[in-house]
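Have the sequence and the 3D view ready. This report walks through the model piece by piece.

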Amino acid sequence: MTALLELDKVDAYYGSAHILHGLELAVQPGEKVALIGRNGVGKTTVVNTVLGLASLRGGAIRIAGRALPRPRPYMAPHQGVVVVPQGRRIVANLSVEENLLLGAAVRRKGPWSLARVYQLFPILQERAHTPGTALSGGQQQMLAVGRALMANPALMLLDEPTEGLAPVIVDQLASVFNQVADEGTALLLIEQNMSLVLRVTQRYLAMAKGSVIARGRVEANSRDELHGHVMV
Ligand SMILES: Nc1ncnc2c1ncn2[C@@H]1O[C@H](COP(=O)(O)OP(=O)(O)OP(=O)(O)O)[C@@H](O)[C@H]1O
Ligand SMILES: [Mg+2]
């Protein structure tokens with residue numbers, strides 16, 4: 001099977017700072033994979049390298065088998081790899097609906113539409129014409145997820161989507177992520193919340209100092225093993 005996304009011995013930098021060291025990662029169609037690790041190990045840099053926001057200076061990134069030698073922010077989304085960024089990045093001055101429509105700019109075909117996103121998150125329809133940044137944190141995260149779905153992704157990269165959110169919202173997002181995956185979108189879930197990892201993903205990759213240092217299956221009894229990789 002051809003991986004939806006593959007990082008093959010990737011070295012990545014911000015300026016002269018060498019952050020990713022020979023990083024190996026692959027996500028197959030339909031998989032739900034967690035990427036875990038302590039603060040500052042380079043999880044967001046994995047996403048940033050795929051988008052060309054950190055510079056790729058060694059190894060290869062492949063999307064559906066095609067190499068991206070010089071990644072730029074629009075390339076991965078056009079090929080079905082869509083990011084829900086850390087911190088949500090809702091566009092100020094645009095309404096909720098306008099933020100959602102931004103996600104559709106790549107014009108990929110698939111099951112997701114404005115109507116389907118509103119079905120998934122009714123609160124977004126109720127607030128469709130308010131500024132996106134006027135929403136609560138949890139609602140902004142729903143908006144960021146909805147915006148990514150509007151691109152009809154084959155793979156969604158979720159960068160700490162539950163950071164700072166109340167448990168009731170985390171529960172709601174967990175069920176949304178499982179529903180989205182059931183409809184065929186693969187997930188790479190970057191998380192520090194191991195209960196979400198346990199509820200959503202099937203296997204994990206653990207990072208330290210810019211490399212993947214451990215990997216394994218996520219099972220009901222994996223909690224201690226997972227916590228071992230994120231304890232400070
Ligand atoms: N724009 C940047 N320029 C230079 N260094 C950066 C930049 N962004 C991040 N770094 C550094 O790169 C390293 C990896 O950061 P990264 O944001 O990828 O970590 P992370 O695992 O996502 O952490 P967190 O869990 O806190 O989000 C850190 O040492 C960080 O200080
Ligand atoms: Mg991060």
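Start with two helices that touch. Val-96, Asn-99, Leu-100, Leu-102 and Gly-103 in α3 meet Leu-143, Gly-146, Arg-147 and Ala-148 in α6. Here two residues are in contact if their C-beta atoms, placed from the backbone, lie within 7 Å. By class, this contact of α3 with α6 has 5 nonpolar, 3 polar and 1 charged residues. Ala, Val, Leu, Ile, Met, Phe, Trp, Tyr, Cys and Pro count as nonpolar, Asp, Glu, Lys and Arg as charged, and the others, Gly among them, as polar.

The model is predicted: local features need pLDDT of at least 70, side-chain atom pairs count only at pLDDT 80 or more, and totals for chains, interfaces and linings use all residues. Residues are numbered from 1 along each chain as its sequence is written, while chains are lettered from A and ligands numbered from 1 in the order in which they are written.

**The helix pair**

Two packed helices are described by the angle between their axes and the distance between the axes. Helix α3 spans residues 96–103, and helix α6 spans residues 137–149. They pack at an angle of about 35°, with their axes 6 Å apart. Axes are lines fitted to C-alpha atoms, for helices over the stretch in contact, and angles run from 0 to 180 degrees between N-to-C directions. The crossing of α3 and α6 is right-handed. That means the near helix is turned clockwise from the far one by less than a right angle; anticlockwise would be left-handed. Helices (H or I, at least four residues) and strands (E, at least two) are DSSP runs, numbered from the N terminus.

**The sheet of 6 strands**

One open sheet has 6 strands in the order β6-β7-β8-β3-β9-β10, with mixed pairing. Strands pair if DSSP finds at least two bridges between them. β6 (81–84) and β10 (211–217) each have a single partner strand, so one side of each is left without a neighbour in the sheet. Neighbouring strands are turned by 20° against each other on average, direction ignored. Helix α1 packs on this sheet, touching β3, β6, β7, β8 and β9. Its direction makes about 140° with that of β7.

β9 (residues 203–208) pairs with β10 in the antiparallel sense over 6 bridges. These two strands form a hairpin with 2 residues between them, where Lys-209 takes a positive phi near 45°.

**The sheet of 4 strands**

A second open sheet has 4 strands, ordered β2-β1-β4-β5, with antiparallel pairing. Its edge strands are β2 and β5 (66–67), each pairing on one side only. β1 (residues 5–14) and β2 pair over 7 bridges. They form a hairpin with 2 residues between them, and Gly-15 in the turn has a positive phi of about 55°. β1 also pairs with β4 (residues 55–63) over 7 bridges. β4 and β5 are joined by 2 bridges. α1 lies across β1, β2 and β4, running at about 80° to β2.

Some opposite residues in the two sheets are listed here.

| Strands | Residue | Stands opposite |
|---|---|---|
| β1 and β2 | Tyr-13 | His-18 |
| β1 and β4 | Asp-11 | Gly-58 |
| β9 and β10 | Ala-208 | Ser-211 |
| β9 and β10 | Ala-206 | Ala-214 |

**Around ligand 1**

Which residues are around ligand 1? They are Tyr-14, Ala-17, Ile-19, Gly-37, Asn-39, Gly-40, Val-41, Gly-42, Lys-43, Thr-44, Thr-45 and Gln-86. Each has its C-beta atom, placed from the backbone, within 6 Å of the ligand. β2 (17–27) and α1 (43–50) are the elements that give two or more residues to this shell. α1 gives the most, with 3 residues. The shell has 4 nonpolar, 7 polar and 1 charged residues.

**Two single residues**

Is Ile-36 buried or exposed? Ile-36 lies in strand β3 (residues 32–36). It is buried because 24 other C-beta atoms lie within 10 Å. The cut-offs are 20 or more for buried, 12 or fewer for exposed, and partly exposed in between, with C-beta atoms placed from the backbone. Beyond its neighbours within four places in sequence, Ile-36 has contacts including Glu-191, Val-197, Tyr-204 and Leu-226. Another contact of Ile-36 is Ala-206. The C-alpha atoms of Ile-36 and Ala-206 are separated by 4.9 Å, though the two residues are 170 residues apart along the chain.

Gln-125 lies in helix α5 (residues 122–126). Gln-125 counts as partly exposed because it has 16 C-beta neighbours inside 10 Å.
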